[in-house]
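Hi,

Here's the structure I said I'd send over. Have a look at it first, and then read on for what turned up.

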Amino acid sequence: MRIAVAGGTGRIGRLVVEELRRSGHEAVSLSRSEGVDLRSGDGLASRLAGADAVIDVTNPPVATVEEAEEAFTAITATLLRAERDAGVAHHVALSIAALDAVDGNPHYFGKRAQERAVATGPIPFTIVRATQFHDFPAMIAEWSVVDGEGVVPPLLLQPIAPADVAAELVAAATSAPLDGAVEIAGPRTEDAVDMARRTFAARGHDLPVRASWREAALGLEFAGEVLLPSAQARLAPTRFDEWIADGAQ
Ligand SMILES: NC(=O)c1ccc[n+]([C@@H]2O[C@H](COP(=O)([O-])OP(=O)(O)OC[C@H]3O[C@@H](n4cnc5c(N)ncnc54)[C@H](OP(=O)(O)O)[C@@H]3O)[C@@H](O)[C@H]2O)c1
């Protein structure tokens, strides 16, 4: 199949492109650095010609609720219009597990707007809601460095390996559209602070990590078990310690 990956140069997008090629599919990456702007649609039509499906793993930079809702809605609308014109039969969007349980974070407002646009759009779709990736705690530590320490809130996650997310997205795009959502998670719960420390140690990066909600990049709306997946989630195989042993990339 010929499958376009919106955001194919990003953290998860690169792995999706690799996984598509490894499994014998043709992958077409769509990103601004490759001449495709998914807000304006510039460069999109010619790259989408002949595509059977689109996997959307974009992540526009946003700071406020309004910016997030506007950006995710605009990108989705542009993509769906171009997909309809190109005869694309399946739109797959990567979203977040427990999306509806987190109030107050701009990114989550943007992702809910994205899901609404996909579900009410003209293209048969599958939404893949994933829990946080194994490198998520290290990423939030780097977003909030205070006095030389990365601040990580002490929250509970059930993280998933980035490569497992890519495999699930490819499996979704090469199957029939669900016109609904599927939830995926890693095999066990983990402590975010411990994860950040072990990720930096595995990467040889000596950023100290401080456990705190104050000055953390995430607010108290993420506290407790709010991010844990539902009982219906499909569990991917790769444990956090296996990902660490494999180099934490
Ligand atoms: N991190 C997690 O734990 C987690 C968990 C669940 C779900 N997710 C979801 O995963 C998705 C992908 O995250 P990521 O970390 O892989 O993102 P990322 O590394 O920031 O990559 C974002 C991609 O989007 C492209 N992009 C952004 N704006 C664009 C535009 N206007 N036109 C065309 N391309 C554009 C970027 O390329 P250019 O800049 O070159 O345009 C890049 O390829 C997010 O939507 C997030 O909600 C993440």
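Below is a run through the ligand, its surroundings and the pocket.

One thing up front: this is a predicted model, so please read everything here in that light.

Let's begin with the ligand. It is surrounded by 26 residues, and the closest of them are Thr9, Arg11, Arg32, His107 and Lys111. If you sort that shell by class, you get 10 nonpolar, 11 polar and five charged residues. Four elements each put at least two residues into the shell: helix 1 (11-22), strand 4 (90-96), helix 4 (106-119) and helix 5 (136-143). Strand 4 is the top contributor there, with three residues.

Now for some individual contacts, which involve oxygen atoms of the ligand. For His107, a polar side-chain atom sits 2.7 Å from a ligand oxygen. With Phe133 the backbone does the job instead: one of its N or O atoms is 2.9 Å from an oxygen of the ligand. Asn59 also uses a backbone N or O atom, at 3.4 Å from a ligand oxygen. As for how covered the ligand is, on its own it has 920 Å² of accessible area, and the protein covers 86% of that.

Then there's the pocket. Which pocket does the ligand take up? The space it fills is the largest pocket, and that pocket has a volume of about 1200 Å³. Its lining is made up of 46 residues, with Val57, Thr58, Asn59, Pro60 and His107 nearest the centre. Helix 1, helix 3 (65-86), strand 4, helix 4 and helix 5 are the elements that give two or more residues to this lining. Helix 5 gives the most, with five. By class, the lining has 23 nonpolar, 13 polar and 10 charged residues.

If you want one residue to click on first, try His107: it is among the closest to the ligand and also among those nearest the centre of the largest pocket.

Cheers

Key: Residues numbered from 1 in each chain as written. Predicted model: local features only at pLDDT ≥ 70, side-chain atom pairs only at ≥ 80, totals over all residues. Heavy atoms only, no water. Near = heavy atom within 4 Å. Polar contact = N/O pair within 3.5 Å; in protein donor to acceptor, adjacent residues only side chain to side chain. Areas by Shrake-Rupley, 256 points an atom, 1.4 Å probe, with all protein chains shown as cover. 1 Å grid on protein atoms, 1.4 Å probe; cavity = no way out; pocket = protein on both sides within 12 Å on 5 of 7 lines; lining within 4 Å. Sits in = over half its atoms within 2 Å of the grid points. Nonpolar A, V, L, I, M, F, W, Y, C, P; charged D, E, K, R; others polar. Points joined across faces, edges and corners; volume = space filled by probe spheres on them.
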